[in-house]
Every structure is written in C-alpha cells, then in structure tokens.
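Trainee: I am new to this structure and would like to look closely at a single part of it. Could you please guide me through the sheet and its surroundings?

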Amino acid sequence: MKITDDIIKVLKAGKKFAVAIHINPDGDAIGSQLAFVRALKKMGKEAAAYMQAPIPDNYRFLPGSESIKIVDSLPESFDTLVCLDIPELDRLGKFEESVKGFKSIINIDHHICNARYGIVNISETSASATAELVYHIIKRLDIEIDAEMAVCLYTGIVTDTGSFQYRNTTAEAHRVVADLIENGVRAEKVTREVYEARNLSQVKLLGLTLETMSFSSDGRISWLWVTKKMKDLVGSQPNDTEGFVNYARSVKGVEVAVFFEELDDANIKISLRSKISRVDVNKVAHKFGGGGHPAAAGAVVSGTPEEIEEMILKIIKIEFKNEEK
Ligand SMILES: [Mn+2]
C-alpha cells in the first residue's frame with residue numbers, strides 16, 4: 001500500500017489536530033483514532049481524540065481511551081481535522097457543524113462510497129480496516145509503532161474483519177497484524193477484552209432476541225428484532241446488541257441477515273450482513289440513507305416496525321432477483 005506525499009505534507013504542516021470518528025463508533029474507528037493521536041503526539045503535535053458519547057465498555061482497555069474528550073462540538077482553535085473511518089461528513093453526527101472551523105480536513109477511510117470531502121483523501125476500499133491504513137501512514141512517517149499503538153491498530157483490524165473471518169481478511173491484513181504482534185500485541189488479551197467481557201444484560205437480551213428469529217420462505221433471508229420493551233426488561237446498556245446480527249447470519253442456508261433494533265418511538269436501527277457476494281447490502285442500506293460495505297452495512301430508518309420490516313425485506317428480495325438475471 002502506497003501512502004502519497006500529500007498527506008505527509010499536511011500532517012507535517014499542521015500544529016493542532018482534532019481526530020474524530022463516526023457516531024456509534026466500532027473497534028476500528030476507536031483503535032484508529034487512539035493510534036493516530038499517539039502518532040501525532042510523537043511528531044510533537046498537539047492532538048486530541050473527540051467523541052460525542054462515552055466509549056463502549058469493551059474498548060476501555062485501549063491505551064489512551066481515558067483521554068478521549070467527550071464534547072458536543074469540536075474545538076475552534078485547531079487547524080487540522082482528521083476524520084477516520086468516516087465515508088460522509090454526516091456520519092460525524094453533532095460534530096458536522098464544527099467542521100467549517102478547520103483549515104484542513106484529512107479523510108482516511110476504507111468504505112466504498114467515500115465522499116472525498118478532505119483536502120487529502122486516503123480512501124482505500126482494499127484495506128481491511130481504517131486501522132490498516134493508519135498503520136501504513138505511521139510507518140511512512142517513520143514513527144516507531146509502539147506496543148500501545150499496536151494494540152489499538154490490532155483491535156481495529158480484528159474487529160472489522162470479524163476476527164479474520166470476513167471477505168476483507170486479506171494477506172496484507174495478516175502481514176500488518178504479524179508486525180503488530182511482533183510489536184507486543186497479545187491476541188488472546190484483546191479477545192478477552194473485546195469479546196469475552198459481556199454484560200449479563202447483553203446475554204439475557206440475546207436470549208430474547210434469538211426467540212424472534214424469522215426466515216423468508218426459501219430460507220435465504222433471516223432476521224431478528226430487539227424492541228424497546230425487550231431492552232427495558234433486561235436493563236440493557238448501550239451497545240448490548242453489537243454482533244447480534246451474526247446469529248442470523250450463522251444459520252445454514254441464510255445468505256442475507258438483518259437485525260432490527262427499536263431505538264425510540266420513531267427510529268429503527270437496521271444492520272445488514274451478506275454471506276455471499278451476489279447481494280450487496282451496502283446498496284440496500286443506501287436506499288434508506290445508510291451505508292457501509294458490500295457484506296456489512298446499516299441504516300437508521302424512521303417508521304413503524306411493521307412498515308420498516310416489510311420495506312427492507314422487499315428491497316432485499318428485489319436485490320436477489322436482480323442478481324439472478
Ligand atoms: Mn472500518
């Protein structure tokens with residue numbers, strides 16, 4: 001992977017950097033963010049990580065997570081904004097407003113529909129994760145990848161590849177990870193922190209969720225529901241539903257899995273997964289104002305649960321038909 005001179009120039013020229021990631025951040029976004037801030041500090045820059053909600057519990061072990069600033073808007077006195085894992089600026093949520101205060105935006109991402117909103121855009125869909133791109137940028141800057149950065153970047157790659165199971169698990173991802181492990185990552189420790197420290201409420205909610213599993217008549221589409229009522233019943237916490245969609249995906253014969261989560265009275269969060277390359281769920285999510293990758297995408301849609309379920313399933317069935325032509 002070749003990192004061009006223009007990003008290096010902008011990084012060297014900037015003095016104060018704000019590093020931001022998308023709302024509802026995942027392991028890739030958070031890991032990339034913390035590694036990037038650390039690299040900037042090693043360059044002698046002033047840099048900080050910004051989020052609008054507290055970091056999910058299972059990523060608190062990441063070095064530097066304690067210094068993430070939880071705010072409603074980005075600082076006005078900084079010159080450069082680094083956007084990580086963000087295909088479009090509206091994925092910044094509340095921070096979108098404060099973007100205009102920055103002289104330069106650096107956009108580093110691996111999603112398909114990246115809007116190239118930066119002065120420099122590293123939009124590389126062949127990368128397994130944004131963390132893989134951040135790794136190459138740090139290398140190109142001749143900064144040593146220390147054990148703290150390594151664990152952040154490793155967490156980004158391991159979570160975005162579904163523990164090296166998804167289509168984006170490339171030879172290059174493994175080469176980068178090999179280097180990260182040589183730099184001090186203990187894979188089993190990351191697994192324990194990220195995947196084996198569930199809240200009891202999460203496991204209880206999963207039990208209720210699995211009861212809702214439904215299938216299309218041909219068995220190729222499977223879907224799950226979490227309602228507000230179910231969440232109240234178990235006293236669920238934010239992010240408890242992470243990964244639930246994979247249970248629908250894991251059933252033999254299922255090609256597309258959908259997870260519906262009632263957020264409030266008006267909005268439903270939808271997560272989509274495709275097990276086969278014929279159906280591009282990014283296209284489906286895009287029709288509802290969301291996005292992601294061909295095999296994993298999501299959207300937030302307003303409407304009643306019945307309406308939304310019917311609409312989504314209809315669009316997926318149309319995608320199946322289109323692919324068969
Ligand atoms: Mn990512």
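Mentor: The account below begins with the sheet, continues with the helices that pack on it, and ends with the domains.

The model is a predicted one. Its open sheet is built from six strands, arranged in the order β3-β2-β1-β4-β5-β6, and their pairing is parallel. At the edges lie β3, which covers 69-70, and β6, which covers 120-123; each of these two strands pairs on one side only.

Within this order, let us consider the pairing of β4 with β5. Strand β4 comprises residues 80-84 and strand β5 comprises residues 104-109; five bridges join them in the parallel sense. One such position is threonine 80, whose bridge partner in β5 is serine 104.

Two helices may now be added to the picture. Helix α1, residues 5-13, packs on the sheet and touches β4, β5 and β6. The direction of helix α1 makes about 130° with that of β6. Helix α3, residues 130-140, also packs on the sheet, where it touches β4, β5 and β6. For helix α3, the angle of about 120° is the one that its direction makes with that of β5.

Finally, we turn to the chain and its domains. The domain assignment divides the protein chain into domain 1, spanning 5-195, and domain 2, spanning 200-324. Taken over C-alpha atoms, the centres of domain 1 and domain 2 are separated by 27 Å. Where the domains meet, seven residues of domain 1 are in contact with seven residues of domain 2. The side of domain 1 that touches domain 2 consists, by class, of five nonpolar residues, one polar residue and one charged residue.

Technical notes:
Residues numbered from 1 in each chain as written. Predicted model: local features only at pLDDT ≥ 70, side-chain atom pairs only at ≥ 80, totals over all residues. Pairing = 2+ DSSP bridges. Helix = DSSP H or I, 4+ residues; strand = E, 2+ residues; numbered from the N terminus. Axes fitted to C-alpha atoms, helices over the stretch in contact; angles between N-to-C directions. Domains from an automatic or database assignment. Nonpolar A, V, L, I, M, F, W, Y, C, P; charged D, E, K, R; others polar.
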